[in-house]
Amino acid sequence: MRRIILAISVLFVVACAEQEKYANESMPADALTEEASETQAGASTSMSEQSTPEDRKMIWSAKMEFQVKDVTASTDVLSKICKEHGGFISKMNMSSTKYQKSNHLQIRVNNENFSPLVKQLQSESIFTSNLEINSKDVTEEFVDIESRLKTKKEVRDRYIDILRNKTGDVKDVIEAEEAIRKITEEIEAKEGRLRYLTDKVSFSTIDLVIFQKVSFTEEPNVYVKPYYEKVLDALENGWSFVTGFILFMLNMWPLLIILAVLYWKRKWLKMKLKRKAN
């Protein structure tokens, strides 16, 4: 009986092995490859999610220069594009030379709309001569400043508590106040730097130069006045001098009266002395 049960068990194991082998052989190779690739893709996705840093503080900037058909019309179009993406033009400088007309724009936009705005700005270009995109990771500086701010504020609070509770010499009180003043200045400087970085991280900067080719034109000659205009200017200047002199003398009337009185008195004294001599 035992031999019969053992033989049946062996036959059952062999049959199961053969069935599994047949199933593997009958499965298409493409299915195996697809299954393996899906497993590998899932693993790589998981790894990328783990290795990608979160909450990074990035400063994005771009420099663009391209040719347009008409600088004035394109400036209006680009301004509308900026508004559509929540951006704004913070600086504008239009200039022209013998060969081209250009406009230098500085655009600020939030980081979320930075890439879409750069792409749509290029739609106005007929020839791009320069496109440069830069990024700067300031996460470490952010963390360092926030840590230093926290430490300095704690130190300042301890100084303030000591100053409130201490009843020692005036010298110690003055030293504590001076220490609080210095720490407060350092805190304000760090907070200013943090506000600057926050602004740069929140809003990206795009320096955009658009230009338009124009036909070569000579610069206008310097205007030279005709002779009759110079004569008229001379007469006008002379009359202005005369009227100015008259007004000056009228303003000096008290001094003129004093000088006249002194002159008359001096002449009277001379006449008096001459009579006595005779």
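**Exercise 1.** How many bridges join strand β1 to β4, and do the two run parallel or antiparallel?

*Solution.* Before we start: this is a predicted model, where local features need pLDDT of at least 70, side-chain atom pairs count only at pLDDT 80 or more, and totals for chains, interfaces and linings use all residues. Residues are numbered from 1 along each chain as its sequence is written, and side-chain values use heavy atoms, with hydrogens and water left out.

Step 1: find strand β1 at residues 58-67 (strands are DSSP runs of E, at least two residues, and helices are runs of H or I, at least four, numbered from the N terminus). Step 2: count 10 bridges from β1 to β4, running antiparallel; two strands pair if DSSP finds at least two bridges between them. Step 3: check the register, with Met64 opposite Leu131 in β4 and Ile59 opposite Lys136.

**Exercise 2.** Place β1 in its sheet.

*Solution.* Step 1: look at β5 (residues 203-213), which pairs with β1 in the parallel sense over seven bridges; here Ala62 faces Ile206. Step 2: read off the order of this open, mixed sheet, β2-β3-β5-β1-β4. Step 3: go to the edges, where β2 (88-96) and β4 (127-137) each have a single partner strand, so one side of each lacks a neighbour in the sheet.

**Exercise 3.** Is Leu247 buried or exposed?

*Solution.* Step 1: locate Leu247 in helix α7, residues 227-251. Step 2: take its relative accessibility, 52%, which makes Leu247 exposed (buried is under 20% relative accessible area, exposed over 50%, partly exposed in between, with a 1.4 Å probe and protein chains only).
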